[in-house]
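This report describes a two-chain structure in plain terms. Please look through the sequence and the model below before reading on.

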Amino acid sequence: MAVLVIADHDNASLKDSTHKTVSAAQAIGGDVDVLVAGQNAKAAAEAASKIAGVRKVLLAESAELGQGLAEAFEGLVVPLAASYDAVLTPATAQGKNLSPRIAAKLDVAQISDIIEVVDANTFVRPIYAGNALETVQSGEAKKVITVRPTAFKAAPEGGSASVESVAAPAAPAKIRFVDQQLVKSARPELAGAKIVVSGGRALGSAEEFQRVIEPLADKLGAAVGASRAAVDAGYAPNDYQVGQTGKVVAPELYVAVGISGAIQHLAGMKDSKVIVAINKDPDAPIFQVADYGLVADYKNAVPELMTALG
Amino acid sequence: MKVLVPVKRVIDYNVKARVKPDQSGVDLANVKMSMNPFDEISVEEAVRLKEKGVASEIVAVSVGPTQAQETLRTALAMGADRAILVDAGAQDLEPLAVAKVLKAVVAEENPEVVLIGKQSIDGDNNAVGQMLAALLDWPQATFASQIELAGGKAKVTREVDGGLQTLEADLPAVVSVDLRLNEPRYASLPNIMKAKKKPLDVKPLESLGADVAPRLKVLKVAEPPKRAGGVKVESAADLVMKLKNEAGVL
């Protein structure tokens, strides 16, 4: 038995979701290898080699892998998959982009967004925005799986695996990278942050979102999130969205400011350890999942909170 | 340019899914069903492309139960020209099976672009578009927030982990759509009436010859653990005290 984990990284460093996916791979059992595919990604590969229990790290580099083109990943991973019983990818936007393409090329089902490994063939995954948990069993010899990182503990450091270079695939012929606009932030990354402060529609404008949510996040050392309504209205960038179809987070502390708590938003944060909701509507559904609810207008409550935090 | 738009009939997005007591699945009896919200966005985008003179024909297709005809009628009322139901009866097909059926539909229809919702809100797999692109050996541009079709190419801005990315794909291609692409219109009453007269072909699933055998066995569908009820706090100061002393998270 051998499992291949496709690493989530930014070439210079490895994302925590990789460590968590390695944990899921270890729960399946057998040898675990990590594939770091990118451009100038040696540092990320070195980091992967230090995860405890990893047998070896495969490093593949090309411009198209660095750009994350699913077609390039298909060319790389489909031949590699011949040596593995399972291919696991963190269920990030990038993992969701490339993994189904690989599954279809291998003619196997994708088992999406697993939150538990019951045994090597049986997995639990949320469906219907997390309102139901489906246990599925696969009879296929090869499995392609995406893993919800927040559901697994990060595999610890302490390994010393070898890093092996593998040939990069041919550049995809029918698709090209044009450009990208990445949001730069000094704050912790939303998906792995210990504390998240999220703002909703009640904030009313991008200026107000920045004026209210960002200082509170900075005071708490938190990442910033947003509800779909706030992102749709342009108060916050798309990669802030927490929810069924955005990012799934499970921090130690989640602070929801001016968020009503639609099913779709709850799907992305209800596994947080402690949830705080600040909303002036006492009947807002967010209070049904909140450990601590403060019925108040954020305009007064957030400044008071800043003062109380000292 | 012909555009193929797959649509799915799913539980309405405002309805909270309830698990059946025998844990065999989610109870959909007497539950409001609607078009998958992401598919409304892809239909809207196709209609806008037609209004701009870029698309010449919009074909909506659904792989699902007989009742999915209602969903297709909604697509027709929004502006699709004709519709195809691949009638799967009561079978709940896995994403790979749906992708294989859609591949067979693409072979018959020869669209230059497939515009597909990135995810259905029932299975939450986010897989069919990528799988279809793989099976067709077409390029894929997932999670689109902006699409320009010109000169045999699709220039697509995508919502990615750290922000936005723009790719250029040669047509034919599969483009999966995300929330910020557009705001779907409501079908007007006259258009709903007109949609009743638009062609809707029903094809039995078997007639397409796709391998739809399930690969996964659902052992059970359970309710997630419920969060214990919380408390209301009186003030921001009270909140900070409780977070420090009771919850221990500050």
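With 16 C-beta neighbours inside 10 Å, B:Gln23 counts as partly exposed; a residue is buried if 20 or more other C-beta atoms lie within 10 Å of its own, exposed if 12 or fewer, and partly exposed in between, with C-beta atoms placed from the backbone. B:Gln23 sits in the loop between β2 (9–11) and β3 (33–35) of chain B. Strands (E, at least two residues) and helices (H or I, at least four) are DSSP runs, numbered from the N terminus.

The model is predicted: local features need pLDDT of at least 70, side-chain atom pairs count only at pLDDT 80 or more, and totals for chains, interfaces and linings use all residues. Residues are numbered from 1 along each chain as its sequence is written, while chains are lettered from A and ligands numbered from 1 in the order in which they are written.

**Backbone exceptions**

Most residues other than glycine have a negative phi, and most peptide bonds are trans. The table lists two residues with a positive phi.

| Residue | Phi | Place |
|---|---|---|
| B:Gln23 | about 60° | loop between β2 and β3 of chain B |
| A:Asp113 | near 60° | strand β5 of chain A |

A:Asp113 counts as buried because it has 23 C-beta neighbours inside 10 Å. A cis peptide bond, with omega about 5°, joins B:Leu171 and B:Pro172. B:Pro172 belongs to the loop between β9 and β10 of chain B.

**The sheet of chain A**

Two strands pair if DSSP finds at least two bridges between them. In chain A, seven strands form an open sheet with parallel pairing, in the order β5-β9-β4-β1-β2-β3-β10. Strands β5 (110–114) and β10 (162–165) of chain A are at the edges with a single partner strand each, so one side of each is left without a neighbour in the sheet. Strand β3 (residues 54–61) of chain A runs parallel to β10(A) and is joined to it by four bridges; here A:Val57 stands opposite A:Val163.

Helix α4 (residues 70–80) of chain A lies across β1 (2–6), β2 (31–38), β3 and β4 (86–90) of chain A, at about 160° to β2(A). Helix α5 of chain A lies across β4, β5 and β9 (143–147) of chain A, at about 170° to β9(A). Axes are lines fitted to C-alpha atoms, for helices over the stretch in contact, and angles run from 0 to 180 degrees between N-to-C directions.

**Where the chains meet**

How many residues does each chain give to the contact? Chain A gives 71 residues and chain B gives 65, where two residues are in contact if their C-beta atoms, placed from the backbone, lie within 7 Å. Helix α5 (residues 93–105) gives the most to the side of chain A that touches chain B, with nine residues.

Strand β11 (residues 175–182) of chain A pairs with strand β9 (residues 163–170) of chain B in the antiparallel sense over seven bridges. Within this pair, the bridge partner of A:Ile175 is B:Ala169. Both strands belong to an open sheet of ten strands with mixed pairing, in the order β11(A)-β9(B)-β8(B)-β7(B)-β10(B)-β6(B)-β1(B)-β4(B)-β5(B)-β11(B). Its edge strands are β11 of chain A and β11 (200–204) of chain B, each paired on one side only.
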